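Colleague: I have a model open and would like a close look at a single part of it. Please take it step by step.

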Amino acid sequence: MLDAASKAFFHTLAGSRVLARVASRYGMAGPDAFARRFVAGESVGEAIAAVRSLEAQGLQSTLDVLGESVSTLAEADAATREYLSVMDAIVAAGIGRNLSLKLTQLGLDIDRATCIDNLRRILDRAQAHAFFVRIDMESSAYTQVTLDVFETLWSQGYRQVGVVLQSALRRSEQDATALVAMGARIRLVKGAYNEPAGVAYQNKADVDAAYARLTRLLLSHATFPAIGTHDPAMIAVAREHAAAHAIGPERFEFQMLYGIRRDLQAALHGEGFGMRVYIPFGTHWFPYFMRRLGERPANVGFVLRGVLHER
Ligand code: FDA
C-alpha cells in the first residue's frame, strides 16, 4: 500500500485522457501487452477463458465488466445490457455465476432511480439463474448512496446481492455492525481510492488495524464474508481468528485480484480455503489499471519493462 501522496499521483494520472489514449493503444495489443497482467482481456470470450483456467486449478471467480462513471442514461442502459448479455454467456459457458459491478456504471451519477432500475434488471436475471452479484464500493463520495441502494433492494427481498466495505474509511465499523445485523454478505477490502483525512485513515498501520478488527467481526458474526486482500499479515489474522473460534472454511472465503499474488491464491486453495479471483475485463480498463499501479511501485517497473519490450 502506498502513502496517500503517491496514491493521489496515480489517481491524477488516471484522469488524464492523453495517457488513457496512449495506454489504450498499447496496453491490450497482443498477448503479452502490459495491461493483461491485471485485466483478462477486452472481450467476454477472453474473460471466460480466464475463468476456465482458474477453475481448472480449483479457484473460483467473480467477473467484472470494466466501466465506471458513465455520464448518460444511454451509456448506463448499454452497461446494463452488457451485464445481461455477459450473464447469458456465463450460463452458456457453464462457468461459475458470480459478478461484480459498480453503481456509477449503471447511472448512479445521473439518476439514482434509473440506477436502481438497472440494478434490478440484473438482479432479476441473477435470481432466475442463481448468480451472486457484488456491488463494488467506489470512492467515499458514494459510500452512503451505495449502501442506501443496497438496502433498498434488500428491503425488496433481493438476497443474491452483497456489498463491499473499506477498512480505510472511519465509518466502516459502524456500517459493518448495521450490515451484519441485516444478514448482508460483505466483502472486506482496504480501499483503493485516495481519500481525505476527515473520512479515512491515512497511515497503513491504521488501515491494517481497522482491517484486522473488521475481519474478526465479520468472521464471527457475518453471513459468508469475503476477506479481500493480498496482504499475508491480514490473511494470518483471518486464519488465526477462524482457527481460535472454530470457524470452518465453509463459512467464509478469501478473494484476490486477477494477476496479483497468484502464488498465494494457489497456496490458500491448496490448504482448503475458498479462493475467489476478481477478474476484470472490457475496453474501459484504464482507471482500474491505474489503481493497481498506484498500489505498488514495483508495478510501474513491470509496465515500463513491458512497454520497452514491445517497442
Ligand atoms: P496492501 O495494499 O497492503 O498490499 C499487501 C501486499 O499485496 C503487497 O505488499 C503486495 O505484495 C500485494 N499487492 C497488493 N496490491 C498489489 C498490486 N496492485 N500489484 C501487485 N501486488 C500487490 N477496493 C475498493 O475500494 N473497492 C472495491 O470494491 C474493491 N474490490 C476488491 C475486490 C477484491 C477481490 C480485492 C482483492 C480487492 C478489491 N479492492 C477494492 C482493492 C483493495 O481496496 C486494495 O486496494 C487492494 O486489494 C490492495 O490492498 P491489499 O489488501 O492487498 O493490501
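In which sense do strand 1 and strand 8 (residues 275-281) pair, and over how many bridges?

Modeller: This is a predicted model. Strand 1 and strand 8 run in the parallel sense where they pair, and 6 bridges join them. One bridge can be picked out by its residues: Gln 60 of strand 1 has Arg 276 of strand 8 as its partner.

Strand 1 also pairs with strand 2 (residues 98-101), again in the parallel sense. That pairing has 2 bridges. Here Asp 64 is bridged to Ser 100 of strand 2. The link between these two strands involves helix 4 (residues 73-93): strand 1, helix 4 and strand 2 form a β-α-β unit, and the unit is right-handed.

As for exposure, strand 1 covers residues 60-65, and 5 of its 6 residues are buried, so the strand is largely enclosed by the rest of the structure. Buried here means under 20% relative accessible area. In a regular strand, side chains alternate between the two faces of the sheet.

Helix 4 leads on to a pocket. It gives the most to the lining of the second largest pocket, with 5 residues. Helix 2 (17-26) and helix 11 also supply at least two residues each. This pocket holds about 480 Å³ of space. Its lining has 21 residues, and those nearest the centre are Leu 66, Gly 67, Glu 68, Thr 283 and His 284. By class, 10 of the lining residues are nonpolar, 7 polar and 4 charged. Domain 1 (1-39 + 285-311) and domain 2 (43-274) both contribute to the lining, so the second largest pocket lies between them.

Helix 11 (286-295) takes part in the largest pocket too. The largest pocket contains about 940 Å³ of space. Among the 36 residues that line it, His 230, Leu 257, Ile 260, Arg 292 and Glu 295 are the closest to its centre. Two or more lining residues come from each of strand 4 (161-166), strand 5 (185-189), strand 7 (253-257), helix 11 and helix 12 (297-310). Helix 11 gives the most, with 4 residues. The lining of the largest pocket is made up of 15 nonpolar, 8 polar and 13 charged residues. Domain 1 and domain 2 each give at least three residues to this lining.

How values were computed. Residues are numbered from 1 along each chain as its sequence is written. This is a predicted model: local features need pLDDT of at least 70, side-chain atom pairs count only at pLDDT 80 or more; totals for chains, interfaces and linings use all residues. Side-chain values use heavy atoms; hydrogens and water are left out. Buried means under 20% relative accessible area, exposed over 50%, partly exposed in between (1.4 Å probe, protein chains only). Two strands pair if DSSP finds at least two bridges between them. A crossover is right-handed if, with the strands pointing away from the viewer, the path from the first strand over the helix to the second runs clockwise. On a 1 Å grid over the protein atoms alone, a cavity is a set of points where a 1.4 Å probe fits but cannot get out, and a pocket is an open set with protein on both sides within 12 Å along at least five of seven lines; lining residues have an atom within 4 Å of a point. Grid points are joined across faces, edges and corners, and a volume is the space filled by probe spheres set on the points. Ala, Val, Leu, Ile, Met, Phe, Trp, Tyr, Cys and Pro count as nonpolar, Asp, Glu, Lys and Arg as charged, and the others, Gly among them, as polar. Domain bounds come from an automatic or database domain assignment.
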